[in-house]
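Okay, everyone, thanks for coming. Let's bring the model up on the screen and walk through a few spots together.

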Amino acid sequence: MGAGHKLRILHLSDLHIGKESMSAWRMERVIGPAWVKNLQEIAADGPIDLVCFTGDLAQSGVAEQYQAATGFVEQMLATLNLPRERFFCVPGNHDVNRKDFPDAWKELRSAGFELGADIFSRWMAADEHCKPPRGFENVWRDQVIARQAAYRDWLASMGFSAMLPGAQHARLGYRVSLDLGLGAPLHIIGLDSAWLAGDNDDAGKLRLTGEQIGLLLTDGGKKLPGWSIALMHHPMGDLADAADSQRLLSEYGAGLLLHGHLHDPDIIRWNTPSASLHVSSAGCLYQDDRFPNSFQILDVALPQGQAIQPQRIWARAWDKRGHWLSDNGPYPGSKDGRFNLLPDGDSGLDDNLPFTGGVFIGRDSQLQQICAALLPQAGQAFKPTVVCCTVEGMAGVGKTRLAEEFVQRYWLPALGVGPEANPAQYYLRLVLEPQSGEKPSATGLAQQLADRLRCGGDVNSLWPRLRAALQSGAQGFPQLVLIENVDAEAQAVAVAQLINHLQGCPILVTARYQRFGDRTWIRVDVAPMSADDARKLLLAEVGGEGHALSPAEADELALALGYLPLALHIAASHLKQGL
């Protein structure tokens with residue numbers, strides 16, 4: 001699938017706080033200490049990157065129910081060690097106070113079917129001064145939305161103002177763009193499917209509207225760069241404009257749609273000629289203490305230049321005997337509640353890519369330069385005076401292979417790790433993607449490292465927290481960070497800022513960008529191999545019965561390939577296969 005980023009999403013829905021007005025102990029049994037223990041088990045399995053709550057936080061959309069929700073959300077984020085900026089929610093039909101403005105709601109929902117869908121959609125998005133369609137009143141729009149007043153006031157009180165409408169659509173939905181340091185953003189698209197909800201006969205009468213989707217998923221009419229995850233409460237089948245909504249979501253790049261309302265977990269994929277959209281239902285977090293309440297954890301990949309790829313679902317459910325557990329029920333073939341969504345043989349994105357392997361010849365002086373920069377002198381404690389060692393050179397010249405050889409030949413032995421160990425356990429590898437119009441940021445790169453080290457938390461304390469995690473490695477050595485593919489100025493700027501924030505942490509960078517290093521960093525220039533080393537590499541890799549090259553043939557081939565190690569490795573592989 002290629003290099004990219006993993007994302008772990010905790011998908012929750014339908015909590016219905018306030019439902020148990022007479023028997024509050026029943027809800028406490030489900031979302032009290034047993035829920036906290038459940039969250040601790042999830043956190044121990046690996047860091048959560050996002051919490052997505054897809055509606056019905058409250059039971060009837062009144063203020064006191066959201067006051068109770070505050071403690072639930074704050075405790076959950078604290079247990080998961082997750083900043084507030086990684087929590088997202090949308091309103092559900094129970095987040096609407098049905099007692100407010102019932103006449104405006106009835107008029108608008110019935111009149112909407114007498115008006116063309118496009119006119120209705122445009123009018124909902126227009127400003128207050130627009131002329132209403134015949135038979136409509138502008139005040140209806142604000143009154144219908146005001147039925148969510150307690151929910152929206154709660155968002156503002158919690159510091160979640162980014163989830164209030166206004167920046168793109170005047171009344172419906174929101175967009176928040178996250179910088180994960182991948183060269184392109186991740187967009188969380190909060191869709192309001194509940195604004196027309198109001199009775200027990202909502203199905204088929206609700207609308208997203210084309211304007212809500214189009215304004216949130218485009219910028220000036222152009223598809224957003226990066227990846228988009230859409231959240232809404234209702235399943236698509238409950239919408240009067242379902243067909244158009246599905247088409248627009250796929251057309252404008254929403255690779256994953258999370259929803260609730262069904263009280264039953266599921267995942268499906270819609271395919272169109274130009275795109276695919278994965279749709280996941282979370283289940284119900286609380287119906288009663290005898291119900292198989294449920295939620296899901298989704299592992300997804302964000303491969304550069306490709307759509308979001310869901311990899312695995314971990315289903316969790318409430319057992320009426322008093323605890324949360326992994327649930328094999330929703331997905332046949334799952335084990336310990338985990339169901340692999342990838343094709344056989346596709347393992348998705350690895351945190352650390354496997355080592356290249358193969359013969360390594362020469363480059364002794366470059367290896368010694370890296371050692372001098374990143375390893376302590378004999379008998380000394382690890383106190384690096386040089387923060388970064390920059391390996392620079394053209395494409396295919398062997399920068400990555402040189403870095404890997406340093407890790408295996410020198411870094412691991414310095415840690416007391418034997419050759420049988422998996423190198424990926426003893427260093428962090430961050431592979432930057434080609435530039436795609438969006439500039440990477442030092443904060444985004446740091447957040448990736450923090451997620452990998454499971455030291456997430458408040459963004460304001462990110463740098464000291466990350467430094468402490470990197471410096472608390474094995475055998476008194478800090479964690480080595482290998483950053484690859486610094487090939488353009490924007491990447492170099494972001495990585496240089498990252499390095500300056502991480503003083504005292506050993507960082508090895510491979511770069512094509514020739515002006516990356518400065519006077520405080522050791523710079524190691526990597527050029528094509530010498531003719532002698534190139535010949536030795538070819539002869540060593542091709543050798544074997546029936547595949548031997550003569551020295552003269554090896555010299556001729558090495559010259560033709562410019563003495564570039566990558567080209568020499570590929571040529572040797574083809575020769576061994578008889579190609």
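Let's go straight to helix H1 (residues 24-31) and helix H2 (residues 33-45), whose axes come within 4 Å and cross at roughly 15 degrees. That makes H1 roughly parallel to H2, a label used for angles under 35 degrees, while over 145 is roughly antiparallel, 65 to 115 is roughly perpendicular and the rest is oblique. On the H1 side the contact uses Glu28, Arg29, Val30 and Ile31, and on the H2 side Pro33, Ala34 and Trp35. Sorted by class, that contact has five nonpolar, no polar and two charged residues.

Some housekeeping. This is a predicted model, where local features need pLDDT of at least 70 and side-chain atom pairs count only at pLDDT 80 or more, while totals for chains, interfaces and linings use all residues. Residues are numbered from 1 along each chain as its sequence is written, and side-chain values use heavy atoms, with hydrogens and water left out.

A few terms, too. Helices (H or I, at least four residues) and strands (E, at least two) are DSSP runs, numbered from the N terminus. Contact means heavy atoms within 4.5 Å. Axes are lines fitted to C-alpha atoms, for helices over the stretch in contact, with angles from 0 to 180 degrees between N-to-C directions. For the classes, Ala, Val, Leu, Ile, Met, Phe, Trp, Tyr, Cys and Pro are nonpolar, Asp, Glu, Lys and Arg are charged, and the others, Gly among them, are polar.

Now zoom out: the protein chain has 17 helices and 20 strands. How many of its 579 residues count as buried? The figure is 51%, where buried means under 20% relative accessible area, exposed over 50% and partly exposed in between, with a 1.4 Å probe and protein chains only. And if you take contacts between residues at least 6 apart in sequence, 73% join residues at least 24 apart.

Next pair: helix H5 (residues 117-125) packs with helix H8 (residues 210-217) at about 55 degrees, with axes 8 Å apart. That makes H5 oblique to H8. Here Ser121, Arg122 and Ala125 of H5 meet Gly210, Glu211 and Leu215 of H8, and the contact divides into two nonpolar, two polar and two charged residues.

And a third pair, down the chain: helix H15 (residues 531-542) and helix H16 (residues 551-560) pack at about 115 degrees, axes 9 Å apart. H15 and H16 are therefore roughly perpendicular to each other. The residues in contact include Leu538 and Leu539 from H15 plus Leu557 and Ala558 from H16. By class, you get eight nonpolar, no polar and two charged residues.

Let's look at helix H7 (residues 149-157), where Ala150, Tyr151, Arg152, Trp154 and Leu155 are buried. What covers them? The cover includes helix H3 (63-79), strand S3 (87-89) and helix H6 (138-146). Just after H7, Gly159 takes a positive phi of about 80 degrees.

Two single residues to finish. Ser280 sits in strand S11 (residues 276-281) and is buried, with a relative accessible area of 0%. Leaving aside residues up to four places away in sequence, Ser280 touches several others, including His11, His259 and Gln296. Then there's Pro185, in the loop between strand S4 (174-178) and strand S5 (186-190). Pro185 is buried too, at 11% relative accessible area. The C-alpha atoms of Pro185 and Gly226 are separated by 5.0 Å, with their positions 41 residues apart along the chain.
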